[in-house]
Structure formats: structure tokens, C-alpha cells
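Here are my notes for a colleague opening this model for the first time. Please keep the structure in view while reading.

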Amino acid sequence: MKSLITTLCLLVVSAGVASGQTQVEPDTALRMLHAQQQQFEKGVVRVADNVYTAVGFHGANTSMIVGTDGVIIVDTLFGPTSAAKAAEAFRQYSDKPVKAIIYTHSHGDHIGGASAFVGDEKPDVYGTETFGSAEGVNKAVDPVKAKRNVRQFGRKLSPSEITNRGVAPAGTEDSDRGKGFLPPTVTVPSSGLKTTIAGVDIEFHIGPGETDDAMFIWLPKEKVLLVGDNFYSSFPNLYAIRGTAYRDVLNWSESVGKMAALKPHAVVPGHTMPIQGQEAATTALKDYSEAIRSVYDQTVRGINAGKGPDQLAHEVKLPEHLKDKPYLIEFYGTVPHAVRAIYSGLLGWYDGNPTTLSPMEPKLKARKIAQLAGGTQKLTERMNAALAEQDYQWALELSDHLKWLSDGDSKLARKVKIQALRGLAASEYNAPNRNYYLSYANELESGELSDLWF
Ligand SMILES: [Zn+2]
């Protein structure tokens with residue numbers, strides 16, 4: 001009997017651990033996140049004889065292309081403080097004046113430090129026609145997005161809780177956000193642009209993906225491709241849990257496919273280390289495009305077979321030949337989040353099942369669940385047992401029911417939720433998930449969140 005109970009407990013534990021695809025043993029999760037750190041270790045990488053990329057000076061990368069009578073800067077970090085340090089590091093390789101600044105897209109971590117690269121010169125500043133449309137039109141929910149942003153990036157975590165942000169280091173200098181932004185002066189048309197700047201032949205290709213206003217930069221002579229945030233060393237963030245409008249997943253896959261067709265000798269991502277060598281760079285882009293497309297196609301097939309997002313989030317997987325590629329490990333984006341984003345992006349919130357057309361309000365459902373469990377006391381015992389068995393997701397779900405019950409111990413429910421979140425975080429190698437679990441636990445503990453737990 002005892003051994004049967006032990007076996008059952010083990011099964012429950014493994015069921016709990018398996019509830020997320022990015023849950024592994026705690027030691028493994030930490031080891032993976034520490035290893036990923038090498039992807040944004042501070043330094044300047046020589047990508048070609050005349051192309052340098054500064055990695056790890058802030059969250060994103062900035063690059064310098066050296067021409068005959070000047071340099072071109074591609075992306076400019078978040079603010080002038082970190083950008084000035086990158087500019088200084090670049091000056092070891094060239095002190096020629098800046099002839100042009102290029103923004104691959106308008107996310108803050110790529111545009112805010114431009115002024116730090118420029119002296120008295122007046123460089124042309126390139127952006128796409130749609131520059132600035134990165135975040136959609138959801139300003140109305142900025143207050144909650146700000147809170148979720150803090151959680152996703154772990155901005156308020158303690159030193160012992162901090163790991164990284166998946167494709168960026170934690171703890172960046174952010175107080176001067178956007179202070180060095182120089183607005184675009186040259187608009188790249190939707191058909192793209194081929195030109196020569198400071199003697200460097202350069203092509204601008206429109207490439208919507210993480211944002212609608214994205215483009216990638218091709219140096220045909222050097223065969224270097226600078227791709228912004230449509231590629232980095234992690235499964236892509238097809239959806240950001242800080243809250244974003246739908247990112248057009250199909251466009252993203254197509255844009256990366258176009259990049260692969262150029263067969264670059266080096267690919268410079270917006271975050272993480274450049275990939276060098278034609279075979280490695282081209283394969284990485286092809287795989288990336290295929291991975292995105294596969295998740296999209298599997299989701300669409302599932303949708304058309306009548307499946308809902310909860311089921312599909314557990315069923316859709318990366319193809320076997322791609323799942324262990326280092327640049328597709330889910331450090332930043334995750335497949336389940338992508339599946340849910342594609343579902344709601346294509347069909348909206350309703351999953352097609354009439355049961356969910358008008359679900360019960362949470363308080364009523366909690367009462368019925370408690371009744372089913374044999375009363376509030378039994379529900380509470382089950383919640384405690386789930387926590388003890390490290391079935392953390394179930395403990396969370398039961399604590400969310402208990403908090404609504406007038407005869408329930410809401411303080412205990414809150415305590416269990418905090419512990420379960422920390423339990424999930426410990427096993428999590430997806431940085432946004434891990435940061436979110438830990439941040440939320442801290443907010444619950446400090447009493448920052450209202451009784452509705454926000
Ligand atoms: Zn970025």
C-alpha cells in the first residue's frame with residue numbers, strides 16, 4: 001500500500017512538473033539560464049572586416065558599419081548612458097563621423113540612445129514608413145501594461161531572484177529611457193531601398209514580424225544581415241505576456257524566410273550574439289522561419305478541427321528536428337503562448353464551445369467546486385496537499401477558488417498562491433514566466449495587490 005501511495009505521489013509530482021513545457025528540475029533551469037547569459041556577455045564582436053556589434057551594453061545590440069568617410073550605426077540602445085559606452089567601445093575601431101543611423105524597428109531598446117553616437121555631424125536617420133506603430137493602439141490599458149512589463153522583465157526582483165530576461169541581461173540602466181532619440185529623417189518606402197552610404201552598399205528590406213514597422217539591413221558586399229528583433233537566440237516572442245496586440249506570426253515567418261534566401265555569411269540579431277559562417281547563419285534563419293510557420297500551421301489545423309486554445313496550447317510542439325536547436329529553446333517566447341496568441345489573433349477570445357459562451361462568474365463557480373470537493377474545508381485540504389506534492393499549478397487553481405469563498409481562509413489561499421508561484425518559478429527556464437511568477441509572488445506578499453489579486 002505504502003509503495004502504491006509513493007508511486008501515486010511521484011506521478012502527481014511529475015504531472016505537476018509537466019504542466020508547463022518550460023518546467024524542468026530547478027538545478028537544470030538555473031543551469032540553462034546561466035548558460036544563456038553568454039548570449040549577452042558585454043563586448044564588441046567583429047562580424048566582418050568593417051562591421052562591429054556591441055553586445056550586452058544594454059538589453060539590445062547596436063552595430064557599427066565602417067565606410068570610407070564615415071560610419072553607419074544600426075540601432076542605438078535604450079538611452080544615451082549605455083549608448084555612450086557602446087559608442088566609446090566602437091571608437092577603438094573607427095573614429096570617423098556618423099553618416100547615418102538606422103532603426104530596425106521602433107521598440108524603445110533600439111532607438112533611445114541615438115544622440116550618444118553623434119558629435120557635431122547631422123546624420124540621416126532611417127526608419128520605415130510605419131515607424132512608431134510597434135505597439136498598436138492600446139494606450140487605454142497602459143496602466144496595467146506597465147505593471148505587467150515590470151513583472152515580465154523582473155524589474156523589481158531581489159538580487160537572489162534575478163536571472164536574466166531571456167534574450168537580454170537583467171538590471172539594465174533604464175532611467176534615461178528614450179532621452180537620446182533622434183526622429184527619422186529618411187523614410188524607407190514599402191518597396192525597400194538600395195543605396196550607398198559612406199561608400200558602403202546597403203539594402204533596406206521591409207520585414208514585418210515582432211513589429212509591423214520592422215526592416216532588415218543587407219550588406220551585399222560583406223554578406224552581413226542585420227535583422228533587428230525578428231531573430232535572436234531563443235524561440236521568438238510571438239506574444240509578450242506584458243500584453244501586446246497580435247503580432248502577425250505569418251508575416252514574421254515569411255520575413256525570416258526572405259532573410260534566409262540571402263544566404264548571409266553573418267546574421268546580427270537585435271539581441272544575443274551574432275551567428276557567423278554562411279552555413280550556420282543560413283540554417284539558423286531557415287529553421288527559425290520553419291519553426292514559426294510550423295507552430296502557426298499546427299494551430300490553424302487544430303482550430304479547423306474544432307480544438308480550443310487550452311487544448312492546442314498543450315498539443316502543439318516544435319517539430320522533432322528543430323526542438324533542440326540552441327536558437328529555438330524557449331528562453332524568451334514559448335510555443336504555448338504563441339498558440340494562444342495565434343488563436344485569439346485569428347478568431348478573438350471565443351473558443352467556439354457553447355459552454356464558454358457565458359461561463360459562470362468566478363464566485364459562483366468557486367462555491368460549486370467547493371461543494372463538489374465536499375465543502376470548503378475539503379477544498380482547503382486538497383489545496384494544501386497539492387502544494388505539498390509540488391503540484392503547483394493545481395495548488396494555484398484551487399487557491400483561486402478558495403479566495404472567493406466567504407467561509408474560506410483567504411489569508412491561507414494567498415499564502416499558498418505565493419508558495420506555489422515560487423515553486424513554479426524555481427523550475428522555470430522561460431525567463432518571462434519565471435520573472436512573472438516571482439514578481440507576482442512578491443507583490444502578493446507585500447500586500448501591494450488588492451483582494452481581487454489584480
Ligand atoms: Zn529589442
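Which residue in strand 10 is the bridge partner of I206? M215 is. That pair is a good way in. Bear in mind throughout that this is a predicted model.

1. Strands 9 and 10. The pair I206 and M215 belongs to a wider pairing. Strand 9 covers residues 200-206, and strand 10 covers residues 215-219. The two run antiparallel and are joined by four bridges.

2. The six-stranded sheet. Strands 9 and 10 sit in an open sheet with the order 8-9-10-11-12-13. The pairing in this sheet is mixed. Its edges are strand 8 (193-197) and strand 13 (275-276). Each edge strand has a single partner, so one side of each lacks a neighbour in the sheet.

3. The seven-stranded sheet. Another open sheet is built from seven strands, in the order 1-2-3-4-5-6-7. Here too the pairing is mixed. Strand 1 (43-48) and strand 7 (186-188) are at the edges. Both have a single partner strand, so each is left with one side that has no neighbour in the sheet. From one strand to the next, the twist averages 20 degrees.

4. Strands 3 and 4. A hairpin of four residues connects strand 3 to strand 4. Strand 3 spans residues 62-66 and strand 4 spans residues 71-74. They run antiparallel, with four bridges between them. M64 stands opposite I73. I65 has I72 as its bridge partner.

5. Side chains of strand 4. Which way do they point? V71 and I73 point one way, while I72 and V74 point the other way. Buried or exposed? All of these residues are buried.

6. From strand 4 to strand 5. Strand 5 holds residues 98-102 and pairs with strand 4 in the parallel sense, over four bridges. I73 appears again here, with I101 as its bridge partner in strand 5. Helix 3 (residues 80-91) completes a β-α-β unit with strand 4 and strand 5, and this unit is right-handed.

7. The zinc ion. Which residues coordinate the zinc ion? They are D109 through OD, H110 through NE2, D229 through OD and H271 through NE2. The distances are 2.1 to 2.4 Å. In sequence, the donor residues follow the spacing D-H-x118-D-x41-H.

8. Where two of the donors lie. D229 is in the loop between strand 11 (224-228) and helix 6 (249-261). H271 is in the loop between strand 12 (266-269) and strand 13. The pair therefore ties together parts that are 42 residues apart in sequence. D229 counts as buried, because its relative accessibility is 4%. H271 counts as buried too, at 6% relative accessibility.

9. Geometry of the zinc site. The four donor atoms make angles of 85 to 168 degrees, and the site is irregular. For comparison, ideal angles are 109.5 degrees for four tetrahedral donors.

10. Helix 10. This helix has twelve residues, 362-373. At 1.5 Å a residue it should span 16 Å. Its end C-alpha atoms are 16 Å apart, so the two values agree. G374 follows helix 10 and has a positive phi, near 100 degrees.

Key: Residues are numbered from 1 along each chain as its sequence is written. This is a predicted model: local features need pLDDT of at least 70, side-chain atom pairs count only at pLDDT 80 or more; totals for chains, interfaces and linings use all residues. Side-chain values use heavy atoms; hydrogens and water are left out. Two strands pair if DSSP finds at least two bridges between them. Axes are lines fitted to C-alpha atoms, for helices over the stretch in contact, and angles run from 0 to 180 degrees between N-to-C directions. The expected span of a helix is 1.5 Å times one less than its number of residues. Buried means under 20% relative accessible area, exposed over 50%, partly exposed in between (1.4 Å probe, protein chains only). A crossover is right-handed if, with the strands pointing away from the viewer, the path from the first strand over the helix to the second runs clockwise. Donors are N, O and S atoms within 2.8 Å of the metal (3.2 Å for Na, K and Ca); water is not among the atoms, so sites may look incomplete. Four donors count as tetrahedral if all angles lie between 85 and 135 degrees; four count as square planar and six as octahedral if opposite donors are over 155 degrees apart and all others between 65 and 115; anything else is irregular.
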